[in-house]
Amino acid sequence: MEKPKITEDEVLVKVKAAGVCHTDLHFLDGTLVPWKGTLPITLGHEIAGEIEEVGKKVKNFKKGDRVVINNNKSCGKCEYCKRGMQNLCNDLDQHGFTIDGGYAEYVKTVERTLVKLPKEVPFEKAAVLPCAVGSVYHGLTDQAKLEAGESLLINGFGGLGTSAFQVAKHLGAKVFVVDVSKEKLKMAEEMGADGVIDGTKPNVNEEIKRMTGGKGVNVALELVGLKKTMENAFNSLAKMGRYVIIGYTKDLLEINPLSLVVGEFRIIGSVSYTHQNLIDVVELARKKKISPVVSKTVKLDEIPEVLNQMKEKKVVGRVVAKP
């Protein structure tokens with residue numbers, strides 16, 4: 001591919017690292033379709049790099065700046081953008097979703113997607129901040145409003161799960177982890193989980209209730225989206241519990257409305273992250289309050305194999321590609 005040419009209000013970023021996300025599999029299996037008809041497209045929506053060129057209208061960034069890219073290229077004008085909810089923009093483009101992303105040597109974007117990256121945060125860790133950390137940060141702080149002393153169930157301990165764990169502990173919550181991988185459950189224990197549950201066993205929700213003194217968890221974070229994991233998570237909630245859904249498949253969530261009523265449960269969708277969320281997690285990384293789990297780095301041409309490994313649930317933490 002040719003090196004992208006920028007306009008006067010665009011920025012060209014030399015990609016230093018790009019996180020490999022499970023969402024890419026949704027494009028490959030047809031669960032997601034690039035909704036603006038932009039095919040072919042370069043995937044990759046977790047991007048960190050160094051500015052190579054700036055257009056003459058760019059004010060706050062210069063060549064050589066270390067940056068992380070908000071993959072949400074919002075319009076900046078609609079009601080949601082004006083409220084700081086760029087993730088819900090009415091005319092949203094997204095790197096790696098509708099416009100070319102970071103599985104490349106260069107990516108062009110606009111100034112409002114950029115966040116300056118402190119030198120304390122290496123590019124490999126920074127690449128994971130937009131989606132794997134930003135998305136769960138949005139889900140736990142903005143959507144679930146998780147508070148210190150509350151309990152959280154994390155369904156799935158991959159790239160997002162390990163990040164959600166760190167965010168929740170930073171907020172002062174107790175954290176319980178469910179996964180089918182013994183290796184991932186061992187990692188959760190080593191990181192200080194308050195309880196781990198093998199997702200292959202029957203009555204996962206009963207085990208969670210036992211671990212929480214019969215009460216259940218205040219918040220359940222869904223990062224898998226299979227029928228059984230969704231049932232387990234919802235049935236693990238305490239009264240007035242919040243069920244936050246980030247991960248999904250083609251499986252449907254089936255709930256009797258009566259159970260919603262009597263427990264005053266809340267089901268909350270959470271998509272991507274706001275620009276302020278990204279600023280916040282970059283600062284948390286700078287302060288070493290969170291440190292994304294990067295299991296290995298690969299070359300661009302190794303990404304297809306990594307995606308196959310993710311499909312087979314063989315990846316722990318996040319894999320990062322380096323051009």
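**View 1. Asn232 sits in helix α8.** This close-up, like the others here, comes from a predicted model. At 8% relative accessibility, Asn232 falls below the 20% cut-off, so the residue counts as buried. Which residues does Asn232 touch, once those up to four places away in sequence are set aside? They are Val204 and Asn205. Val204 and Asn205 bring us to another helix, α7, where both are buried.

**View 2. Helix α7 keeps its buried residues on the same side.** The helix spans residues 204-211, and its buried residues are Val204, Asn205 and Ile208. Around the helix axis they cover an arc of only 100°, which is why they end up on the same side of α7. There's a handy rule behind this kind of pattern: an α-helix has 3.6 residues a turn, so residues three or four places apart point the same way. What do the buried residues of α7 pack against? Their partners are β8, β9, β10 (195-198), β11 and α8 (227-234). Just after the helix, look for Gly213, which has a positive phi, near 65°.

**View 3. Arg210 and Glu207 make a salt bridge within α7.** Their closest N and O atoms are 2.6 Å apart. Both residues lie in this helix, 3 residues apart, and that is about one turn. Are the two partners buried or exposed? Arg210 has 55% relative accessibility, so it counts as exposed, while Glu207 is partly exposed with a relative accessible area of 28%.

**View 4. The largest nonpolar core has 49 residues.** Leu129, Leu140, Leu152, Val177, Leu221 and Leu278 are the ones that touch the most other members. Elements giving two or more residues to this core include α3 (123-126), α4 (129-143), β8 (151-155) and α5 (159-171). Also among them are β9 (174-179), α6 (182-191), β11 (217-222) and α10 (275-286). Which element gives the largest share? That's α4, with 6 residues. In soluble globular proteins, nonpolar side chains tend to be buried together.

**View 5. Here is Leu221 with its contacts.** If you skip its neighbours within four places in sequence, Leu221 is in contact with Val136, Leu140, Leu152, Leu153, Ile154, Asn155, Ala164, Val244 and Ile246. Apart from this core lies another one, of 28 residues, with Phe97, Val107, Leu114 and Val315 among them.

**View 6. Helix α11 lines up its buried residues on one face.** Within residues 303-311, the buried ones are Ile303, Val306, Leu307, Gln309 and Met310. Seen down the axis, they fall within an arc of 160°, so they line one face of the helix. What covers them? The cover includes β1 (10-20), α1 (23-29), β14 (294-298) and β15 (318-321). After the helix comes Lys313, and its phi is positive, near 60°.

**View 7. His22 is found in the loop between β1 and α1.** This residue is partly exposed, with a relative accessible area of 38%. Not counting residues up to four places away in sequence, His22 touches Met310 and Arg318. Met310 is one of the buried residues of α11 that you met in the previous view. How many residues separate His22 and His45 along the chain? They are 23 residues apart, with 11 Å between their C-alpha atoms.

**View 8. Lys57 and Glu8 link distant parts of the chain.** The two form a salt bridge, and their closest N and O atoms are 3.0 Å apart. Where do they sit? Lys57 is in the loop between β2 (46-54) and β3 (66-69), and Glu8 is in the segment before β1, 49 residues apart. Lys57 is exposed, with a relative accessible area of 51%, whereas Glu8 is partly exposed at 34%.

**View 9. More salt bridges can be found in this model.** A search of the whole structure turns up 16 of them. One joins the side chains of Lys5 and Glu2, at 3.8 Å from N to O, and both of these residues are exposed. Lys3, Glu52 and Glu53 go a step further and are linked in a network of salt bridges.

**View 10. Leu258, Val261 and Val262 form a nonpolar surface patch.** Its area is about 320 Å². Leu258 belongs to helix α9 (residues 257-263). With a relative accessible area of 54%, Leu258 is exposed.

Technical notes: Residues numbered from 1 in each chain as written. Predicted model: local features only at pLDDT ≥ 70, side-chain atom pairs only at ≥ 80, totals over all residues. Heavy atoms only, no water. Buried < 20%, exposed > 50% of the residue type's maximum accessible area, 1.4 Å probe, protein only. Helix = DSSP H or I, 4+ residues; strand = E, 2+ residues; numbered from the N terminus. Arc of directions from axis to C-beta. Contact = heavy atoms within 4.5 Å. Core = buried A, V, L, I, M, F, W, Y, C linked by side-chain atoms within 4.5 Å. Patch = residues over 30% accessible without salt bridge, like charges linked within 9 Å, V, L, I, M, F, W, Y side chains within 5 Å. Areas by Shrake-Rupley, 256 points an atom, 1.4 Å probe, with all protein chains shown as cover. Salt bridge = Lys/Arg side-chain N within 4 Å of Asp/Glu carboxyl O.
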